[in-house]
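Reader: I have a new structure open and would like to learn how to read it. Could you walk me through some features, one by one?

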Amino acid sequence: MFSQAIVFTISLALGLTVQATQIFSNHGTLSGWDSTNVEHEGSLQEVTNVYYEPSTALKMTQVYDSSYTGRYHSEVAKEAVYKRGDTGFYGFAFRLQQDWQTSPAQSYNIGQFIADFTDTGCDDWMPSSMVWVLGDQLYSRVKYGTICDQQITTYSNLATIEPGVWYKVEIQASWQTDGTGYYKMWLNGTKVLEKYNIDTTIEDDRPFDFHVGLYANGWHDDKTLKGTQGTRQVWIDEVAAGSTFADADPDQW
């Protein structure tokens, strides 16, 4: 299911051992992804002049077009990072362009878990949890219920995001539909979200992919550009997933 596995052993203070598995990692390169999605006038580049860790990062750009009614993705994707019943950690580093316009506030997604539900007749490509910036605030969510009756819990104003600054995000999730799941998020190592005994995914066993990059979903959903900055750029680096915090923390692998 996964293209890369790095297995190692962590010794705990009590003399126990826990098997830790990094199921995927990428150092900000175009290679190693299962797919990319660049729509309309967007672009996706591997760059060496701006990065979280030397010496590469991915630069995603999207350009607003008032005559266009489609979506605005510039993303890379890793397939099948979770399915219902799994528990895992997922991390990446991101940076907004230096002159990013935060007001008026509009939504720009930077990470999402997504699966194809076209066969159900109720949706097509449907994201469950997402991570986005609205104005200068970091948001996330969980989605649960059935594909034909989707429910969303949004977690707002988790942290303030400053343009031109690198941040690292890490998510830990137990993907459950029986009220026993949990969803946690850290920003730069500080926990900003922790929810227990909740449903965290859709009642379906198909695998979800992990997409990171820039999805200017506000342009599509609001059917307009708010403000005057019609070109947006996001840098992504050090993307990983695994079974422990260290597996996905951009500073620990």
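Reader: Leaving aside its neighbours within four places in sequence, which residues is His220 in contact with?

Author: Happy to start there, and please keep in mind that this is a predicted model. His220 is in contact with Thr69, Gly70, Arg71 and Tyr72, once neighbours within four places in sequence are set aside. As for its place in the fold, His220 belongs to helix 1.

Reader: And where does Asn217 lie, and which residues is it in contact with beyond those neighbours?

Author: Asn217 is in helix 1. Its contacts, again leaving aside neighbours within four places in sequence, are Ser107, Tyr108 and Asn109.

Reader: Is Asn217 buried or exposed, and why?

Author: Buried is the word for residues under 20% relative accessible area. Asn217 has 9% relative accessibility, so it counts as buried.

Reader: Now the strands, please. In what order do they form the open sheet?

Author: Follow the order 3-6-15-8-9-10-11: these seven strands make an open sheet with antiparallel pairing. Strand 3 (35–38) and strand 11 (149–155) are at the edges; each has a single partner strand, so one side of each has no neighbour in the sheet. From one strand to the next, the twist averages 20°.

Reader: How many bridges pair strand 8 with strand 9?

Author: Eight bridges join strand 8 (residues 107–116) to strand 9 (residues 125–134), in the antiparallel sense. To follow one of them on screen, take Gln112, whose bridge partner in strand 9 is Met130.

Reader: How do I look for empty space, and what is the volume of the largest pocket?

Author: Rolling a probe the size of a water molecule over the atoms shows where empty space is left. Here, the largest pocket has a volume of about 400 Å³. Its lining has 20 residues, and Arg71, Gln112, Trp125, Pro127 and Tyr215 lie nearest its centre. Among the elements that give two or more residues to this lining are strand 6 (73–82), strand 15 (208–215) and helix 1 (217–222). Strand 9 supplies the largest share, five residues.

Reader: Last topic: which residues have the most contacts inside the largest nonpolar core?

Author: They are Tyr90, Phe92, Phe94, Phe113, Ile171, Tyr183 and Met185, in a core of 52 residues. Try clicking on Tyr90: not counting residues up to four places away in sequence, it touches Phe113, Ile171, Trp175 and Phe210, among others. There is also a second, separate core of six residues, including Val47, Ala57, Ala93 and Trp166.

Key:
Residues are numbered from 1 along each chain as its sequence is written. This is a predicted model: local features need pLDDT of at least 70, side-chain atom pairs count only at pLDDT 80 or more; totals for chains, interfaces and linings use all residues. Side-chain values use heavy atoms; hydrogens and water are left out. Two strands pair if DSSP finds at least two bridges between them. Helices (H or I, at least four residues) and strands (E, at least two) are DSSP runs, numbered from the N terminus. Axes are lines fitted to C-alpha atoms, for helices over the stretch in contact, and angles run from 0 to 180 degrees between N-to-C directions. A nonpolar core is a set of buried Ala, Val, Leu, Ile, Met, Phe, Trp, Tyr and Cys residues joined through side-chain atoms within 4.5 Å. Buried means under 20% relative accessible area, exposed over 50%, partly exposed in between (1.4 Å probe, protein chains only). Contact means heavy atoms within 4.5 Å. On a 1 Å grid over the protein atoms alone, a cavity is a set of points where a 1.4 Å probe fits but cannot get out, and a pocket is an open set with protein on both sides within 12 Å along at least five of seven lines; lining residues have an atom within 4 Å of a point. Grid points are joined across faces, edges and corners, and a volume is the space filled by probe spheres set on the points.
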